[in-house]
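Reader: I am in my first year and still learning to read a protein model. Please pick one part of this one and walk me through it slowly, along with whatever lies around it.

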Amino acid sequence: MFPRFKLFSIILTAYLAVYAGSSFALSCSSVNEYPNWTAKDWAGGIPNHAEAGDQMVYNGELYQANWYTNSEPGSDYSWSLLGSCDGTTSSSSSSSSSSSSSSSTSSSSSSSSSSSSSSSSSSSSSSSSSSSSSSSGSGQDNKITIQENQNGFCGVDGSIDSNNSGFTGSGFANTDNASGGGIEWTIEGDAGTYTLRWRFANGSGTNRSGILRVNGVLVSTEDFNGTGSWSSWETTSVTLNLESGFKMLRLQADQNSGLANVDYIEVTGPNASIVVCDISNGSSSSSSSSTSSSSSSSSSSSSSSSSSSSSSSSGSTTELAIQELASGFCSVDGTVDSNNSGYTGSGFANTENASGRAIVWAVNADFASSYELQLRFANGSGDSRSGDLYVNGSNAGSVDLAGTGSWSSWTTESKVVNLNSGNNTIELRATSGSGLANIDLLTVVGSDMKAGSCAGSSSSSSSSSSSSSSSSTSSSSSSGGDGKILSQNGNPAQNRYNSAKTKWASNKADIILSHQFDNGGWPKNQDYGSTGSGGSGDGEATFDNGATVTEAVYMAQIYQNTGNNKYRDSVRKAMDYILRAQYSSGGWPQFYPLRGGYSNHVTFNDNAMASTLTVLHNAYQQKAPFNSGIFNDSDRAKMKTAIDKGVEYILKSQWKQNGNLTVWCAQHGATDYKPKAARAYELESLSGSESVEIIGFLMTQPQTSEIENAVRAAINWFRSPDTILEDYVYDKSTSQKIVYKQGGRMWYRFYNLYTNEGFFSDRDGGTYYDIMDISEERREGYSWGGNYGEKIISYANSVGY
């Protein structure tokens, strides 16, 4: 098969696997396995990244790069999951991990087997599939007992097991070990007093409590304390007044261990009777297998992310769970992280440590009514990290997010609020100087609703300079007057920064440390296979190809992981080097100390300056891994000065055509800001490659009018038909490189400064407009085009630019 059809073939295979409901065994035999990279940088050396369309195998799954990436496959939006090499396919982007709340892991007492249908000899109920029912006399009260897998039993978010003795019926209901997992039954009866009694076993040492809802309304909280073992059974009961008619009963875990194992429910009440579960009664958990019945519905975003929210309906009641980076999740004044265990979805929302920082969601309700908001959170600090809830801009009360013991211990706090019919914005705003607790997800319970639209939603927090990094669709406004703060979800500059945290395995740390020069910098293109000897760094310490700044981020992460001060000191030494290397005009050279020639120019080439500024921005904002113990306020003040100077340089160097702002060259003069040539085949030009992450960095900053004008002009340049080569793609595996593909789009590496005409060059310094006119050596040894504009246009679309 011709190379240009390779991508289409893979996508078609995945499409057929998903939509035909079949399992296709994706051939992975000839695909590189991570970290055996597929592509080299333009300067040569060892393969150290993947380019758009490249495929790699990781943990038995086949991934495809959406654009240039050196991140671990599946760790961010630069990868799409095509399927498993054993035949399981997925159409989602591989940016998120599996939700632990829907795993098949059962409680600590049980195995992970599927539903058992065996009948126990100890059963005290009928061995048939019907529920047992007995009258308490000729009076109005009836007593009914509902066993698992019988009429009236609607499902369990977990499994039906029979591996612990002493149960009645065919087994017992065993929920998943997660907050929110539950069991549902349906009954009917007259209005009056009802007694609900559960037979349960709890072999753990902790209370596996749960909340009881009737037709979606929270009516009580029930304790299920330890019984000594998983084979020791006790009963607990509650008495309450219920209205007449149909009643959906849902017992739902309100802590992270799930419920106790439940043998049966016994209901006593006026004319109480069993109702068979069916779709019209809206049973949400009809599963009796080992998996949760919550359904996940995907909606694609511009960054190819899986933007799914799960919902389960109970009659007129809906449970809508909104994960970070999913539909209905609008923004966080901070980041979406995954460095603490126990979260569900792709991570958790982590606000900056300041009062007023907020998280915003959107919910579309069919009816104006009361709804319960459940916040799953972790708080490893010793203080309450509480917040105020705002619904459609009005204060709806406070939520106490008290300490949970550790950042990996999760619990749930609930609040009842009123929502309007239609779209609603829900904002949780920190009231303490430490910011909010880490928020795993928001679950909304009430009448029919779905994820809402984030368009126009904004955080009303007082943030003036923090970048919100996880909105799927919108930006949040800063009230500080310095410009709005954009979501960083999908920002290519921020994605590169995030990937640097785990660029190398942790066991490489000491080797990498040994390569750091005395001046604080590192050399480029190192595979770090053996111990280095350090040295002065003169003529070698560089920002080229991501050197120094990538190592600095990696070392900061190692310090956070280990607490070893030698890694902290390495980061401080690197930051001193970065700050010393900056020109007074605001730019950075390729090498420092300066070694002469074109490397003295301010270097955007290979994203050197954009990456440096993005690292400074995150360090100044105290974003992970610079969030603890490395820098002080004095250090951060120096970073802020450097960032401001860098922004000023970028704005001054943006090239104008006929008075209109466009993009940037790969190199500019340190003092005159003009485009400069580098090697013989790198002429003064507009860069279709490097300009992407320059824009990306600018979009990490508060969007002042000057920055916004620069960003919009540059993005419009990428969108212009004068810069896009329609129906063609750049395929480095072919001899002609630029190949026809219907619907494809390509941007040139270099454009004429005055005409926007894409061109090529060679070692003779000539300008060529047909790639076949340059030497084979340069044609094969350099990247002359790519889908550069796609990632910045996609990100720009997602934040309303």
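Author: Let's look at helix α11, whose buried residues are covered by elements that include α2 (492-500), α8, α9 (705-719), β40 (738-748) and β44 (785-786). Helices (H or I, at least four residues) and strands (E, at least two) are DSSP runs, numbered from the N terminus. Covering here rests on contact, which means heavy atoms within 4.5 Å. Keep in mind that this is a predicted model, where local features need pLDDT of at least 70 and side-chain atom pairs count only at pLDDT 80 or more, while totals for chains, interfaces and linings use all residues. Residues are numbered from 1 along each chain as its sequence is written, and side-chain values use heavy atoms, with hydrogens and water left out.

How much of α11 is covered? Mostly covered is a fair description, since 9 of its 11 residues are buried. Buried means under 20% relative accessible area, exposed means over 50%, and partly exposed is in between (1.4 Å probe, protein chains only). The buried residues of α11 are Tyr788, Gly789, Lys791, Ile792, Ile793, Ser794, Tyr795, Ala796 and Ser798. Just after α11 comes Gly800, with a positive phi of about 85°.

Now take one of the covering helices, α8. Helix α8 (residues 690-698) packs with α11 (residues 788-798) at an angle of about 20°, and their axes are 8 Å apart. That makes α8 roughly parallel to α11. Axes are lines fitted to C-alpha atoms, for helices over the stretch in contact, and angles run from 0 to 180 degrees between N-to-C directions. Angles under 35 degrees count as roughly parallel, over 145 as roughly antiparallel, 65 to 115 as roughly perpendicular, and the rest as oblique. The crossing of α8 and α11 is left-handed; that word applies if the near helix is turned anticlockwise from the far one by less than a right angle, and right-handed applies if clockwise. On the α8 side, the contact is made by Val692, Ile695 and Gly696, and on the α11 side by Tyr788, Lys791 and Ile792. An α-helix has 3.6 residues a turn, so residues three or four places apart point the same way. Sorted by class, this contact of α8 with α11 has 4 nonpolar, 1 polar and 1 charged residues. For that sorting, Ala, Val, Leu, Ile, Met, Phe, Trp, Tyr, Cys and Pro count as nonpolar, Asp, Glu, Lys and Arg as charged, and the others, Gly among them, as polar.

Next, follow α8 outward to α7. The buried residues of α7 pack against α8, and also against α5 (565-581), β34 (602-603), α6 (608-620), β37 (667-668) and α9. Helix α7 (residues 633-653) has 21 residues and reaches 30 Å from its first C-alpha to its last, close to the 30 Å expected at 1.5 Å a residue. Among its buried residues are Met639, Ile643, Val647 and Leu651.

What does α7 do with α6? Their axes come within 9 Å and cross at roughly 145°, in a left-handed crossing. From α6, the residues in contact are Met609, Leu613, Leu616, His617, Ala619 and Tyr620, while α7 brings Arg636, Met639, Lys640, Ala642, Ile643, Gly646, Tyr649 and Ile650. That contact of α6 with α7 has 10 nonpolar, 2 polar and 2 charged residues. The loop between α6 and α7 holds Pro625, and the peptide bond from Ala624 to Pro625 is cis, with omega near 5°.

Helix α6 leads back to α2, another of the elements that cover α11. The axes of α2 and α6 are 10 Å apart, and the two helices pack at an angle of about 75°. That makes α2 roughly perpendicular to α6. Ala493, Gln494, Arg496 and Tyr497 of α2 meet Ser611, Thr614, Val615 and Asn618 of α6. Here the classes divide into 3 nonpolar, 4 polar and 1 charged.

Finally, look at the lead-in to β40, which also helps cover α11. Lys737 sits in the loop between β39 (724-730) and β40. Is Lys737 buried or exposed? Lys737 is buried, with a relative accessible area of 2%. Its phi is near 65°, a positive value in a residue other than glycine.

How values were computed:
The expected span of a helix is 1.5 Å times one less than its number of residues.
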